Amino acid sequence: MEFVKFGVALLPILWLMFSLGVLHLPAHKTCVATLVGTFLLAVFGWWGMPLTEAAGAAMEGGALALWPIMIVIIAAVFTYNLSLATGSMEVIKGMLSSITTDKRILVLIIAWGFGGFLEGVAGYGTAVAIPASILAAMGFNPLFAAVICLVANTVPTAFGAIGIPVTTMASVTGLSPMELSYYTGLQLTPFIILIPMLLVMLVEKSVKGIQGVFFVTLVSGVSFALPQLALAKFLGPELPCLAGSVCSMAATTLVTRLMYSHTAGEKDESVTGRQKFLAWLPYILVFSFIILCSNLFPGIRDALGSVKSTVAIYKDHLFTFKWIATPGTLIILATFIGGLIQGESLGRIAGIFIKTCKQLVMSCVTVVAIVAMAKVMAYSGMINSIAVVMAELTGRVFPLLSPLIGALGTFVTGSDTSSNVLFGKLQLEVANQIGVDPRWLVAASAGGATAGKMISPQSIAVATAATGLIGSEGEILGKTVKVCIAYLVLYGAVVFATLSLGLI
């Protein structure tokens, strides 16, 4: 009977994978349909969930999806859209391209560092679309530009969009966001150092590609990894990717100018220092506001955090809406202020914000549906039914597969956050079943989810659109899937070995 329940409980997830990955149905439509199916299974299937409780679970999931998940996505894309409208993004592109003409170092700065920065601030495909279009415009083969940016956009996604994947995982599992942030950062640290090495080798299509730029490549990885790990441990999940990417860009640029000055590109002397500062200003303010509201400044954090509403949506579970001390609100405020200082009118900025909201309506439907579905599966016991059988089938070997499950979630949904919502509770339940540290296994799912980003149909679609390669999705997938498999094998081995040796 347990195996039958296991199979039925898997149906929503399998259908989601099939409908998105094989049938290529629109995400908002299939996610809504999957939510309805999950709701019916929970109420009328073996789990016998009361109708009112199922409705409450779905409503709580919808609330979580809207606040803080969707508000962060809207805010991040709003900042990006404003930078396009004001021309700031062109200034930023020019600044990056003037540093060097060595393609290997350009990949480190643009695809890795700047891409990581965009992932940290925005996510939602911007970290692939913008760097890929820049590289293509600078003379890189468009197909290569798409592939290299998809590979680069792996490890940064765990803390992307102001840390929303990890904070969401913490909300779904009930684990401490600080502990989960640190464990995820710890697992990703060796990969943050290895990925830049791989990117450089891919540029030259040979291991020998690292020759001549090994030191700057090592600096690019280490200067990303160490700040990310430090902030993940001491400040939480909001800033690690932002800090790591900024440090990586700065360190890579500095080393390039000191040791590779002969490769410098032409500077646009018509752009003044003031214009450069203003171009980056919204992002500087985003970074500053989030730091001020972090654990580093508890007085400000607590004062703004007191502006909140708490309601019981599912049974007696309390759900809190923090109206100001949440990354989405802070990003929106920073972007409005930055736009005004740049000289834009309040009306135009507001118009861009409204346009951004309209742009993301279907995405909102998708996110609400998938988070609501995950809540129904969790509260009804469906996730537990899956976890019990998986624990029985794999036992202590399950940690090897933990990152793979996270990656499958991202492959299906195109989102680390959605993957964490789908499988976070499952990882927690299995960890409890097999007697290992649930924080380590849940973090493994969050980290493994980054691998799925490079093979996700949604991510590949963004890359092909940005580089004018629509129709080449299969060719790109064929190149990135090899990297993805190697990444997951190594990641699973690290997770399993750490637990086996008793290091965690």
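Which residues form a nonpolar patch on the surface? Select Trp15, Phe18, Val22, Leu23 and Leu25: together they have about 430 Å² of accessible area. The model is a predicted one, and the tour starts at this patch.

Within the patch, pick valine 22. Valine 22 sits in the loop that lies between helix H1 (2-21) and helix H2 (27-44).

Next, select residues 160-173, which make up helix H8. From first C-alpha to last, the 14 residues of H8 reach 19 Å, close to the 20 Å expected at 1.5 Å a residue. Colour H8 by accessibility: 13 of its 14 residues are buried, leaving the helix mostly covered. Then centre on threonine 167, where H8 bends by about 25 degrees. Step past the end of the helix to glycine 174, just after H8, and check its backbone: phi is positive, at about 80 degrees.

Now go to the hairpin. Select S1 (residues 308-312) together with S2; the two strands pair in the antiparallel sense, over five bridges. Between the strands are five residues, and lysine 315 in this hairpin takes a positive phi near 50 degrees.

For the last stop, show the side chains of S2, residues 318-322. Which of them are buried, and which are not? The side chains alternate along the strand. Phe319 and Phe321 point to one face and are buried; Leu318, Thr320 and Lys322 point to the other face and are not buried. To tie this strand back to its partner, select phenylalanine 321 in S2 and look across to serine 309, which stands opposite.

Notes:
Residues numbered from 1 in each chain as written. Predicted model: local features only at pLDDT ≥ 70, side-chain atom pairs only at ≥ 80, totals over all residues. Heavy atoms only, no water. Buried < 20%, exposed > 50% of the residue type's maximum accessible area, 1.4 Å probe, protein only. Helix = DSSP H or I, 4+ residues; strand = E, 2+ residues; numbered from the N terminus. Pairing = 2+ DSSP bridges. Expected span 1.5 Å × (residues − 1). Bend = angle between axes of the 7 residues up to and from the residue. Patch = residues over 30% accessible without salt bridge, like charges linked within 9 Å, V, L, I, M, F, W, Y side chains within 5 Å. Areas by Shrake-Rupley, 256 points an atom, 1.4 Å probe, with all protein chains shown as cover. Salt bridge = Lys/Arg side-chain N within 4 Å of Asp/Glu carboxyl O.
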